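This report covers aromatic contacts and nonpolar packing. Please look at the model before reading on.

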Amino acid sequence: MMGQPWIHNAKTDWRFILSPPFLVLTVVILFQSQIQNLENHYSFYTWLILIVFVDVAHVYSTLFKTYFIKDEFQKRKLLYLGIPAISLILGLIFYQFGSLFFWSGLALVAVFHFVRQQYGFMRLYARFEAKGFSKFWDGLAIYSATIFPMLYWIKTPRAFNWFVENEFSWTSSIPNYLPAITVIYFVILAIWILKTIYLFINEKSYNIPKNAIIAGTYMSWYFGIVYFNNDLIFTLLNVISHGIPYIALIYIREIEQKDDLSLKKLSIFKTSFGIFLFVLILLGFAFFEEMMWEILVWREHFSIESFEVSITWQQFLVPLLVVPQLTHYLLDGFIWRNQKE
């Protein structure tokens with residue numbers, strides 16, 4: 001049996017990177033009625049914990065791989081200054097075509113980012129494997145596991161949105177493709193399972209973390225989008241399975257596995273207090289950003305009654321507030337490249 005290509009070690013990888021989709025799905029299956037009650041009566045707290053303290057917070061964990069690293073920032077200053085500027089310019093341009101056009105475009109970028117993260121984790125765990133038949137089907141499996149649920153969502157009304165209502169309405173004129181892609185989806189899944197069994201039996205080869213990532217992706221995306229049609233269940237499976245592993249990867253690779261000399265002042269984050277401080281910084285940035293969204297734009301969970309921003313100003317504020325998120329999406333295509341392909 002081959003040695004397992006853990007990122008840190010088996011315990012840490014299982015706790016923070018591999019187990020989230022399996023644990024969340026288990027909770028969802030066992031406590032569906034309680035989850036519905038949470039959605040009906042405690043939506044503010046589920047929004048605060050899942051959206052603000054996980055989803056938005058994970059965006060800011062990128063700071064510990066980029067802007068907080070002085071040498072890294074100096075080495076790629078054009079990239080790190082250019083991407084936020086491009087994000088703002090694109091946002092301002094897109095918003096001139098209408099709010100729905102803007103959010104639809106951002107949703108497509110977000111979906112691509114979520115899909116590529118799963119592919120990136122899969123390739124990270126397959127970093128010692130040779131290219132060939134197995135790599136091809138692993139990649140096809142990841143893309144099938146993520147793209148099929150999104151295509152299903154587009155053609156089947158769901159009780160949730162990525163950002164805003166009707167963000168995928170522009171696809172309504174596309175002919176119904178569901179019967180064809182459903183067959184393709186299950187054929188790819190079956191071939192991947194058979195391939196994995198074949199390698200285990202004939203070559204005694206079984207990459208536990210890589211196969212866990214692929215299986216977890218299949219389960220979280222299928223049950224979160226296709227099987228269940230519930231906003232909170234989608235958020236639980238989508239946000240936790242994406243945000244927690246990313247934050248863990250940043251901490252492991254950029255803090256835990258680096259020596260104090262290279263970390264310099266950031267070595268404080270390697271202590272027990274440092275872990276708390278690391279999380280606190282992410283939560284602080286996330287809460288401040290979301291508070292700005294609530295006061296200036298959404299006004300859903302809390303707002304200042306005497307303070308309301310006009311539609312005219314929103315065409316500038318919305319693209320500005322989106323800059324951290326869009327920067328995260330775009331930078332992710334650069335900062336992990338040497339670890340993906």
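A charge sits over a ring if NZ of Lys or CZ of Arg is within 6 Å of the ring centre and within 35 degrees of the ring normal. Lys 65 meets this description: it lies over the face of Trp 336, at 4.4 Å from the ring centre. The model is predicted.

**Aromatic pairs**

The whole structure holds 42 aromatic pairs. One of them joins Phe 64 and Phe 269: the ring centres are 5.1 Å apart and the planes stand at 85°, so the pair is edge-to-face. The two residues are 205 residues apart and link distant parts of the chain. Both Phe 64 and Phe 269 are buried. Their locations are listed here.

| Residue | Loop start | Loop end |
|---|---|---|
| Phe 64 | helix H4 (43-60) | helix H5 (70-75) |
| Phe 269 | helix H12 (260-263) | helix H13 (272-298) |

Elsewhere, one aromatic cluster includes Phe 148, Tyr 152, Trp 192, Tyr 222 and Phe 228.

**Nonpolar cores**

In soluble globular proteins, nonpolar side chains tend to be buried together. Here the largest nonpolar core has 85 residues. Which residues have the most contacts inside it? They are Ile 17, Trp 162 and Phe 278. Helix H7 (residues 99-125) gives the most to this core, with 13 residues.

Phe 278 ties back to the ring pair. Leaving aside neighbours within four places in sequence, Phe 278 is in contact with both Phe 64 and Phe 269. Its other contacts on that basis are Ile 247, Ile 250, Tyr 251 and Ile 255.

A second core is separate and has 11 residues. Among them are Leu 25, Val 28, Leu 232 and Leu 236.

Conventions:
Residues are numbered from 1 along each chain as its sequence is written. This is a predicted model: local features need pLDDT of at least 70, side-chain atom pairs count only at pLDDT 80 or more; totals for chains, interfaces and linings use all residues. Side-chain values use heavy atoms; hydrogens and water are left out. Rings of Phe, Tyr and Trp (its six-membered ring) pair if their centres lie within 6.5 Å; planes under 30 degrees apart count as stacked, over 60 as edge-to-face and the rest as tilted. Helices (H or I, at least four residues) and strands (E, at least two) are DSSP runs, numbered from the N terminus. Buried means under 20% relative accessible area, exposed over 50%, partly exposed in between (1.4 Å probe, protein chains only). A nonpolar core is a set of buried Ala, Val, Leu, Ile, Met, Phe, Trp, Tyr and Cys residues joined through side-chain atoms within 4.5 Å. Contact means heavy atoms within 4.5 Å.
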